[in-house]
Amino acid sequence: MERFASALEMVEAKKPDIPVLAARPHAAARAARWFVKNFPGEVAYAYKANHSVFLLGALYGAGITQFDVASLAELEDAATIPGVRLHFMHPVKSRTAIRRAYHEFGIRCFALDSEDELEKIVEETSTADGPAKDLELFVRISVPAKNSRIPLERKFGIAGQKAAKLLVKTRLAADELGLTFHVGSQTTTPDAFVTALSDIHKLIVKAGVVVDAIDVGGGFPSRYTDSEPAPLKSFFDVIKAGMDKMPVTEHCRLICEPGRALVAEAESLIVRVDARRGDELFINDGGYGALFDAANLGFVFPVKLLRPGTESEPLKPFELWGPTCDSIDGMKGPFMLPASVREGDYIEIGNLGAYGRALAGGFNGYGRYLEVILLDEPMYTMYGDDDVQRSSKA
Ligand SMILES: Cc1ncc(COP(=O)(O)O)c(C=O)c1O
């Protein structure tokens with residue numbers, strides 16, 4: 001993989017004809033080190049956020065050896081990493097996926113949110129000797145989303161009396177019983193975790209079960225041009241406070257499984273402007289590519305024009321269009337760029353490491369990327385001096 005000191009150096013050297021995914025493994029490693037040091041429990045990585053081998057290697061090297069996988073395909077890939085411990089946390093899995101995960105890949109940790117799924121897991125992991133005795137089962141609880149960009153509670157999770165009943169049944173089948181939830185991706189304030197932990201506290205009391213593990217999921221935020229979250233430390237503080245009161249065994253494990261917060265700032269996309277029409281720029285990647293979240297969820301990623309001499313020009317707002325012929329392939333932004341931006345220019349679009357590469361498809365024959373490594377700093381960080389200052393003030 002070619003390495004460059006910066007995106008500008010890369011475009012000057014390569015004049016790339018296709019969009020470029022530019023990984024910054026050092027940024028993923030820094031995020032991982034910070035999580036491992038500061039989170040008051042175990043840190044797993046949500047593999048779905050970005051599967052670049054360079055970023056996976058950086059996370060692993062920085063001490064993250066547990067991964068949350070959501071499909072058999074992710075599991076097969078992640079299982080090639082030596083010594084990794086995998087959690088299969090999708091609450092709805094095919095029978096084949098459960099069977100192969102348990103018998104072929106040695107996975108013991110599964111999530112579920114219904115009695116049907118519990119039955120499937122028990123059936124597919126049984127052997128001639130009877131039901132498996134080593135299952136780690138996590139019941140996914142539905143908790144309210146607060147200040148989350150992508151709420152996840154409607155699709156998965158169980159709550160109330162039904163959840164208490166499922167916890168009792170799952171306890172009977174599990175060697176280790178856990179509860180898990182997800183407050184929604186890009187949750188910008190810690191109060192969602194306060195509510196979630198208080199809800200599961202009440203649920204554990206109601207069910208009267210012994211709980212061995214609590215997985216607080218992902219949802220930890222990153223920085224975007226239109227999103228300035230609370231410091232990550234403030235999330236950890238409320239999680240620790242909620243766990244200190246939790247009616248669980250002394251040895252109860254606390255786990256988190258962030259995706260976004262570990263990799264968002266570790267990858268940029270570099271695009272070329274193929275046409276300018278007023279304040280609209282037609283670029284060579286878009287909503288069917290790595291800019292899915294900009295097109296469909298309105299994320300405003302940071303942008304930088306890669307043309308020397310334009311740094312001090314006044315900025316003006318631009319809208320972006322992707323390369324496919326579909327008219328929903330557009331990104332409103334606004335994306336602030338120097339007024340002189342023109343056809344042939346390259347733009348770095350930063351903090352795209354989470355759900356950028358991961359969501360890119362091949363519509364209209366696009367979807368091919370050059371890949372490089374950049375050695376400079378990401379456009380925004382949650383982990384630099386700036387954030388250390390912000391967290392000590394909080
Ligand atoms: C079960 C589970 N865990 C973790 C994550 C990672 O979430 P985030 O990227 O918001 O940290 C997701 C994201 O969809 C998820 O579904």
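Select asparagine 147 first, in the loop between strand E7 (136-140) and strand E8 (148-150). The model on screen is predicted. Asparagine 147 is not a glycine, yet its phi is positive, at about 50°. With 18 other C-beta atoms within 10 Å, this asparagine is partly exposed.

**A second positive phi**

Move next to glutamine 186, in strand E10 (residues 185-187). Here too phi is positive in a residue other than glycine, with a value near 55°. Is glutamine 186 buried or exposed? It counts as buried, because 24 C-beta neighbours lie inside 10 Å.

**The ligand and its shell**

Now display the residues around the ligand, of which there are 16. Those that come nearest are Ala46, Ser185, Gly218, Gly259 and Arg260. Colouring this shell by class gives 7 nonpolar, 6 polar and 3 charged residues.

**Two domains**

Colour the chain by domain. Domain 1 is made of two segments, 3-22 + 266-374, and domain 2 covers 26-263. A line drawn between their C-alpha centres spans 33 Å. The contact between them takes 14 residues from domain 1 and 19 residues from domain 2. On the domain 1 side of this contact, the residues divide into 10 nonpolar, 2 polar and 2 charged.

**The largest nonpolar core**

Select the largest nonpolar core, which holds 120 residues. Which of its members touch the most others? They are Ala28, Ala32 and Leu59. Helix H8 (residues 191-207) gives the most to this core, contributing 8 residues. Both domains take part, since the core draws at least three residues from each of domain 1 (3-22 + 266-374) and domain 2 (26-263). In soluble globular proteins, nonpolar side chains tend to be buried together.

Centre the view on alanine 28. Beyond its neighbours within four places in sequence, alanine 28 is in contact with Leu55, Ala58 and Leu59, and also with Leu262, Val263 and Ala266.

**Helix H8 and leucine 203**

Return to helix H8 and pick leucine 203, which is found there. Leucine 203 is buried because 21 other C-beta atoms lie within 10 Å, where 20 or more are required. Apart from neighbours within four places in sequence, the contacts of leucine 203 are Ile141, Ala163 and Ala164. Add glutamine 161 to the selection: 42 residues separate it from leucine 203 in sequence, and the C-alpha to C-alpha distance is 8.4 Å.

**Helix H2: two residues to compare**

Select helix H2 (residues 25-38) and highlight tryptophan 34 within it. Tryptophan 34 is buried, with 20 other C-beta atoms within 10 Å; this count meets the cut-off of 20 or more. Then show methionine 382, which is 348 residues from tryptophan 34 in sequence but 9.9 Å away in space, C-alpha to C-alpha.

Histidine 26 is also found in helix H2. How many C-beta neighbours does histidine 26 have inside 10 Å? There are 17, so histidine 26 counts as partly exposed. A distance drawn from the C-alpha atom of histidine 26 to that of proline 190 reads 27 Å, for a pair 164 residues apart along the chain.

**Strands E16 and E17**

Go to strand E16 (residues 315-321) and select lysine 316. Lysine 316 is partly exposed, with 14 C-beta neighbours inside 10 Å. Outside its neighbours within four places in sequence, lysine 316 is in contact with Asp279 and Ala339. Alanine 339 lies 23 residues from lysine 316 in sequence and 5.7 Å from it in space, C-alpha to C-alpha.

Continue to proline 334, in strand E17 (residues 330-338). Inspect the bond that joins proline 334 to glycine 333: it is a cis peptide bond, with omega of about 10°.

**Confidence along the chain**

Finally, colour the chain by pLDDT. The mean is 96, and 97% of the residues reach 70 or more. Which stretch has a pLDDT below 50? Residues 386-394 do, and this stretch has 11 contacts in the model beyond near neighbours in sequence. Where pLDDT is low, the predicted coordinates should not be read in detail.

Note on methods. Residues are numbered from 1 along each chain as its sequence is written. This is a predicted model: local features need pLDDT of at least 70, side-chain atom pairs count only at pLDDT 80 or more; totals for chains, interfaces and linings use all residues. A nonpolar core is a set of buried Ala, Val, Leu, Ile, Met, Phe, Trp, Tyr and Cys residues joined through C-beta atoms within 7 Å. A residue is buried if 20 or more other C-beta atoms lie within 10 Å of its own, exposed if 12 or fewer, and partly exposed in between; C-beta atoms are placed from the backbone. Helices (H or I, at least four residues) and strands (E, at least two) are DSSP runs, numbered from the N terminus. Domain bounds come from an automatic or database domain assignment. Two residues are in contact if their C-beta atoms, placed from the backbone, lie within 7 Å. A residue is near a molecule or strand if its C-beta atom, placed from the backbone, lies within 6 Å of it. Ala, Val, Leu, Ile, Met, Phe, Trp, Tyr, Cys and Pro count as nonpolar, Asp, Glu, Lys and Arg as charged, and the others, Gly among them, as polar. pLDDT is the predictor's confidence in each residue, from 0 to 100.
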